[in-house]
Amino acid sequence: ECVETCATCAADTCSKEGQSCNDPDHSSLSTSDWVCTCPPPSNGSAIANTATCQLDECKETCPTCAGTTCSDASQTCFDPDQNSKSLSDWECVCPPPAKATAVTSTADCSFDECTLHGSTCTAVGQTCEDPNLLNQGDWLCKCVDPSVGQATASIADCVLDECVKTCPTCANDTCSAVGQTCHDPDTSDKVTGDWICTCPPPSNGTAVANSATCVIDECEFTCPTCANTTCSAEGQLCVDNDKSATTLNDWECICVPPSNATAVAQAAVCIVDECNLNGSTCTGAGQTCEDPQLLVDDDWKCVCVAPSVGSATAAVADCVLDECVETCP
């Protein structure tokens, strides 16, 4: 029936639509069973009639088909009308959450993910940024100045070094203005007002969220204004009565007993009258005590009382009285 001409034959029913004809049973008793079949790559067949041909341009290979155009861009291909007479109508569809489509080409899948995820960042006082609208999953939570830090697709751990940044709780120049160093022991932006000013060596002192009161004992440390070994080299004591780091060169050298002399920022002249210490040795023997050189140790003397004569250094004198020479009772 595909070849012959008869009342039940196909004639040109299939061929005029570009379809092939096939008669599965050539018996004259089997009529009107011929089949029109669509040409590839379309699909479809019909018995004793032209077929309605289907062509999914997303799946098949043909001059008008999508091929890998959509898949290469990670997009989905969709053929809304798969009738073989409806060609070049396939579409590339963006993956969610983008909603764009394009006919016979890749779609512009630009999508600001902050419209979807922005509340995650803003709920903790951070901002949302989508650096590439064509990429998915790259949105950022960014810390707000003066805090620094960012995280991809999650809340950021923000850092605020209050010694470096400028803010209401920051040190600003509180420490540096007085020559002190600043340290922020916890730089989380959730912990503020904990910065510390520390005095420069050799002074000591720290203060939280304020300039420190610096202390320096000029007798203990080595520095340009310190006593260093000035007092000890002379066997004297060193005392710094005002240890404020702003009060320098006020240390004193103090003589050791029995001398009680002092000197500021230099060794003392330790004058001691040894008769104050040893005088009773002489007076106990009816003699007088003399210290001829107050800067020399152990030179005190017991001196005999007139008309007796004689003296002894650091001891009771042997007194002499020549009654032929002297005048006495």
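In this predicted model, strand S17 (residues 301-303) is joined to S18 by three bridges in the antiparallel sense, and one residue of S17 that can be placed in this pairing is Val-303, whose bridge partner in S18 is Ser-311. The two strands belong to an open sheet of three strands, in the order S16-S17-S18 and with antiparallel pairing. Strand S16 (288-290) and strand S18 (311-313) form the edges, each of them pairing on one side only. On average, and with direction ignored, neighbouring strands of this sheet are turned by 25° against each other.

Helix H2 (residues 275-283) packs on the sheet, where it touches S16 and S17, and its direction makes about 150° with that of S16. Which residues of H2 are buried? They are Cys-275, Asn-278, Gly-279 and Cys-282; seen down the axis of H2, these buried residues fall within an arc of 135°, so they line one face of the helix. What covers them includes S16 and S17, whereas Leu-277 and Ser-280, on the other side of H2, are exposed.

A second helix, H1 (residues 114-122), can be described in the same terms: Cys-114, Gly-118 and Cys-121 are buried. Viewed down the axis of H1, its buried residues fall within an arc of 65°, so they too line one face of their helix. The buried residues of H1 pack against strand S7 (127-129) and strand S8 (140-142).

The table sets out the two helices.

| Helix | Buried residues | Arc of buried residues | Strands in contact with the buried residues |
|---|---|---|---|
| H1 (residues 114-122) | Cys-114, Gly-118, Cys-121 | 65° | S7 (127-129), S8 (140-142) |
| H2 (residues 275-283) | Cys-275, Asn-278, Gly-279, Cys-282 | 135° | including S16 and S17 |

The nonpolar cores remain to be described. In soluble globular proteins, nonpolar side chains tend to be buried together. The largest nonpolar core of this model has nine residues in all, namely Cys-219, Ala-227, Cys-231, Trp-251, Cys-253, Cys-255, Ala-261, Ala-263 and Ala-268. Apart from this core lies another, of six residues, among them Cys-94, Ala-102, Ala-107 and Cys-109.

Which residues does Cys-219 touch, if those up to four places away in sequence are not counted? The contacts of Cys-219 are with Ala-227, Cys-238, Val-239, Asp-240 and Trp-251, and among these, Ala-227 and Trp-251 belong to the largest core together with Cys-219 itself.

Note on methods:
Residues are numbered from 1 along each chain as its sequence is written. This is a predicted model: local features need pLDDT of at least 70, side-chain atom pairs count only at pLDDT 80 or more; totals for chains, interfaces and linings use all residues. Side-chain values use heavy atoms; hydrogens and water are left out. Buried means under 20% relative accessible area, exposed over 50%, partly exposed in between (1.4 Å probe, protein chains only). Helices (H or I, at least four residues) and strands (E, at least two) are DSSP runs, numbered from the N terminus. The arc is that of the directions from the helix axis to the C-beta atoms. Contact means heavy atoms within 4.5 Å. A nonpolar core is a set of buried Ala, Val, Leu, Ile, Met, Phe, Trp, Tyr and Cys residues joined through side-chain atoms within 4.5 Å. Two strands pair if DSSP finds at least two bridges between them. Axes are lines fitted to C-alpha atoms, for helices over the stretch in contact, and angles run from 0 to 180 degrees between N-to-C directions.
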